[in-house]
Amino acid sequence: MSKKKNKRQATAAEMYALCVTVGLIIGLGLTPLMGNLLIMLAGGAVVGALAAFLLTRNTPRSSHRHAHRRHHHR
């Protein structure tokens, strides 16, 4: 018998933490280009939070797009 790997989905909190951390690191790395540490860190955190929000949404976009077609208009 082979053991099945226990694959679990990351929770929303874990996804937010990961994305914001990656955003902060990227913002820190881009600081020499802009010259302002605080703006780049804040921008990286915002971009990371936005990415986490988009990745952790529960409903796919396609279901919202076609939801209005279910109603019959007369």
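Reader: Which exposed residues sit on the face of α3 turned away from its buried side?

Author: In this predicted model, that face carries L38, I39, V46 and L50. Exposed here means over 50% relative accessible area.

Reader: And which residues of α3 are buried?

Author: They are M40, G44, G48 and A52. Buried means under 20% relative accessible area.

Reader: How do you know that the buried residues line one face of the helix?

Author: Look down the axis of α3. The buried residues fall within an arc of 105°, so they line one face. The spacing helps here. An α-helix has 3.6 residues a turn, so residues three or four places apart point the same way.

Reader: What covers the buried residues of α3?

Author: The cover includes α1 and α2.

Reader: Why is G44 called buried?

Author: G44 lies in helix α3. Its relative accessibility is 10%. The cut-off for buried is under 20%. Therefore G44 counts as buried.

Reader: What does G44 touch, leaving out residues up to four places away in sequence?

Author: G44 touches G23 and L24. Contact means heavy atoms within 4.5 Å. As for T21, G44 and T21 are 23 residues apart in sequence. In space, their C-alpha atoms are 8.6 Å apart.

Reader: How do you know that the length of α3 agrees with the expected span?

Author: Helix α3 covers residues 37–55, which is 19 residues. The expected span is 1.5 Å times one less than the number of residues. That gives 27 Å for α3. The end C-alpha atoms are 27 Å apart, so the two values agree.

Reader: Why is V22 called partly exposed?

Author: V22 lies in helix α1. Its relative accessibility is 40%. Partly exposed is the range between under 20% and over 50%. So V22 counts as partly exposed.

Reader: What makes V22 eligible for a patch?

Author: A patch residue needs over 30% relative accessible area and no salt bridge. V22 has 40%. V22 forms a nonpolar surface patch with L18, I26, L30, L33 and M34. Together they have about 610 Å² of accessible area.

Reader: Which helices supply the nonpolar patch with at least two residues each?

Author: They are α1 (12–29) and α2 (31–34). The largest share, three residues, comes from α1.

Reader: How many helices and strands does the whole chain have?

Author: It has four helices and zero strands. From the N terminus on, the order is α-α-α-α.

Reader: What share of the chain is buried?

Author: Buried residues make up 11% of the 74 residues. The chain exposes about 6,900 Å², and carbon and sulfur atoms supply 65% of that area.

Methods: Residues numbered from 1 in each chain as written. Predicted model: local features only at pLDDT ≥ 70, side-chain atom pairs only at ≥ 80, totals over all residues. Heavy atoms only, no water. Patch = residues over 30% accessible without salt bridge, like charges linked within 9 Å, V, L, I, M, F, W, Y side chains within 5 Å. Areas by Shrake-Rupley, 256 points an atom, 1.4 Å probe, with all protein chains shown as cover. Salt bridge = Lys/Arg side-chain N within 4 Å of Asp/Glu carboxyl O. Buried < 20%, exposed > 50% of the residue type's maximum accessible area, 1.4 Å probe, protein only. Arc of directions from axis to C-beta.
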